[in-house]
Structure formats: C-alpha cells, structure tokens
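The following explanation leads the reader through one molecular structure, part by part. Please view the sequence and the model together while reading.

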Amino acid sequence: MKTVFRWFGPENDPIPLKHIRQIPSVEGVVVTLPGFPVGEAWDEEKIAALHKTVRGGGLTMEVVESVEVHEDIKLGAGKRDLYIENYAETLRRLSKFGVKAVCYNFMPVFDWTRSDLAYELPDGSTVLYYDQGEIDKVTDPRQMAEDMKRSSGGAYMPGWDAEKLDRLIELFELYKSVDGEKLFENYAYFLGKIIPVAEECDIKMAVHPDDPPWNIFGLPRIVNNQKNIERILRAVDSPYNGLTLCTGSLGSDPDNDLPAIIRRFGEAGLADRIHFVHARNVKIIKAGLFHESAHLSKSGSYDMYEIMKALRDAGFDGYMRPDHGRMIWGENGRPGYGLYDRAIGAEYLNGLWEAIVKSEEAGLR
Ligand code: CS2
Ligand code: MN
C-alpha cells in the first residue's frame, strides 16, 4: 500500500509541499489541474510543470484525481466522441509523466454535495455535513451551487466549474430523458473507448462512488452500491477498469456495509480492481443525515480496522489517501482538505495496516 495525499497545486492549495513531505507515511501527492476547462485535453506543459514541482518537493505524482467527464458524455449527446478523444489524449499525456492511476466520477451535473461545509462538532472542530431534509428544500439548484461556492471561501471545487453552473437549467432539461439505465449505457460506451487507451498507457482508471450514493434533485446516480459497481466493472472486463473505494461516499448509505462489499469484490474476482482507497469516517445520524468525522473508528460509524482488514485480505496493494478531514487547531483551509487532521488520519490508517501485516507475519491471523 502506498499512502498519498491530495494537493491542489502551488496556486490553489495553502499547504506547502514541504509540509506534506513531513508526514511520515506519505510518499506522493494526488494532483489535478484546478479549473482546467472540462472536455479539453489537459495541457502538456501544465502537467510537466506540476510534475517538476512535485518531484522537486521530494514526492511522487502517480495519481491524478478529478479528470472530469464532460456532461455530453454522460448524456450521450452532442460532441461526446470529441470529448472522449480529448479524454484519451489527457491519459496519453499523463502517462508520459509516470501517472499510474486516474480517479474520476460519473455523477450527472454535481460532484460531491453537502448542505454545510463547516458544521461544528462539540470539540470545536468543523466538518462537512449532509442533511437530505435541507437539500429537499432547495427549489433552485443554482442557489445551492452558489451557497456551496460561497461557503468554500471561493476555493476551487472540483466538478463545480463555471461552464457547468452557467448551463445548469439546460442540463436539468437534458437529463429529463436520461434515467439510470440510459446513464449506464452512456457510461459503458465511454469505458469501451477509454479502457483500451488506459491499457496502452498503463493507467488504472478508478471511478469514484457517487457522493452521496443516491439520486439527488431527480438526477440519476449509478456508482452507488456493490451490485451497480460490479456491473460497471464487468461492462469492460479489464484490470484497468477499476474503482476508487471511497469509504465516506459509499458508506454514507447505511445499506452499504463496507467490509462486506470489499470481501464480495474479492469473492467475485474483482479485488484487483480496487486501485485507490479514499479512507475517511462518517457519523451517520440516520438515513440521509450524516456528518464527517475524525478517521478513528470510534469517532464515526465505520469500523476502520475491519475495513483495513478486508482490504488486506482482498490483496489490496494500491494507493490510499486519507480523504476529507476535520478543520482543527485554527487552520484556515479548503473545506475537508486541511493539513492537520488528514495527516493524523494518514498515520492512524498506516498504524492499523502495520499491525495487520505484523500480526500476519507473527502467524496471529
Ligand atoms: C473527492 C471527490 O473530495 C472528494 O470527495 O474524493 O471530489 C473526487 O475527487 C471526485 O469525485 C473525483 O472525480
Ligand atoms: Mn473520496
């Protein structure tokens, strides 16, 4: 297992690389090109510059996140073939710089959604919070998009790009004729074209589960449970067609039993499809109402030890990063992506992993 840490780049992340390098378990950063126009092939010079900065900082750049899929691809409309070709070109360019895994999502219109980005816990830390009741009150999704942008303090948010926000009403109209089945068909079409390129480039594609993993604003979501994910992984049966197991996203639906899902992938011969793990804990108050928490098992609803054991037993040997953390110690940063709590989380997760490996070595499990 290789531990990595999400970093938004020199202009978009207040955390300096040298601080990330001081987290003992972290080998590399997970990068993106913030604000790069969705649908265009990523600029090679920009990738090269980022690579130089990261390597100069003593870290690796093997994982890239948020290579966004254009809405036309999800809708199966307009210029989808052009956008798919551009996506393929992005993969070719990333592979020149040693990128080995790409995390993306296939959620219509919105990336992760929350009703509060700074919900205060009793200890004074703040976390991301989701209340379906609040979301249901939103009559105009443009308003919610504006609120999310404002409460992020103007920070770049992947998947919330300006072009899409301008087209919001039009997109909602277009999605009226796309149900879950149609979305799956469009997804399979995308995979059919992209996975052969990923194979050539030796880049593992790792889809991120929908967050939250249920339909919102009447838009379909299909990367949301074991059965649907298995269907997606089978749609193009290649080791390059894989998953980002984001515990926080998938697990916020109490019906998704994370250790059982991981074990099921093992039984189905799909364990080698888990290329990337986003590990975080979430406290589920009731269905549709949850907040994020510290990574520690007792802080949230998941047993992180059981999750790490299931991953180990499935033979997981990919990349892992601590996902969203709390905002603590007076840090001012981008919601979910502060330095301190994610660093604590990374060390805790590595502690669990070390104990699991060492007990195997000692014949104790
Ligand atoms: C991330 C996602 O912050 C998060 O929850 O895991 O935003 C992820 O980067 C995207 O869904 C990938 O496209
Ligand atoms: Mn995630």
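The paragraphs below treat the ligand surroundings, one loop residue and a sheet.

This is a predicted model, in which local features need pLDDT of at least 70, side-chain atom pairs count only at pLDDT 80 or more, and totals for chains, interfaces and linings use all residues. Residues are numbered from 1 along each chain as its sequence is written, while chains are lettered from A and ligands numbered from 1 in the order in which they are written.

Ligand 1 is surrounded by 15 residues, of which E65, S66, N105, W112 and H208 are the closest; a residue is near a molecule if its C-beta atom, placed from the backbone, lies within 6 Å of it. Strand 4 (residues 101-105) supplies the largest share of this shell, 3 residues. Strands (E, at least two residues) and helices (H or I, at least four) are DSSP runs, numbered from the N terminus. By character, the shell comprises 5 nonpolar, 6 polar and 4 charged residues. Here Ala, Val, Leu, Ile, Met, Phe, Trp, Tyr, Cys and Pro count as nonpolar, Asp, Glu, Lys and Arg as charged, and the others, Gly among them, as polar.

A155 lies in the loop between helix 6 (141-151) and helix 7 (162-166). Although 143 residues separate A155 from N12 in sequence, their C-alpha atoms are 7.4 Å apart in space.

An open sheet consists of 4 strands in the order 5-6-11-10, with antiparallel pairing; two strands pair if DSSP finds at least two bridges between them. Strand 5 (116-120) and strand 10 (281-286) each have a single partner strand, so one side of each is left without a neighbour in the sheet. Strand 6 (residues 126-131) pairs with strand 11 (residues 289-293) in the antiparallel sense over 3 bridges, and D131 stands opposite L289 in strand 11.
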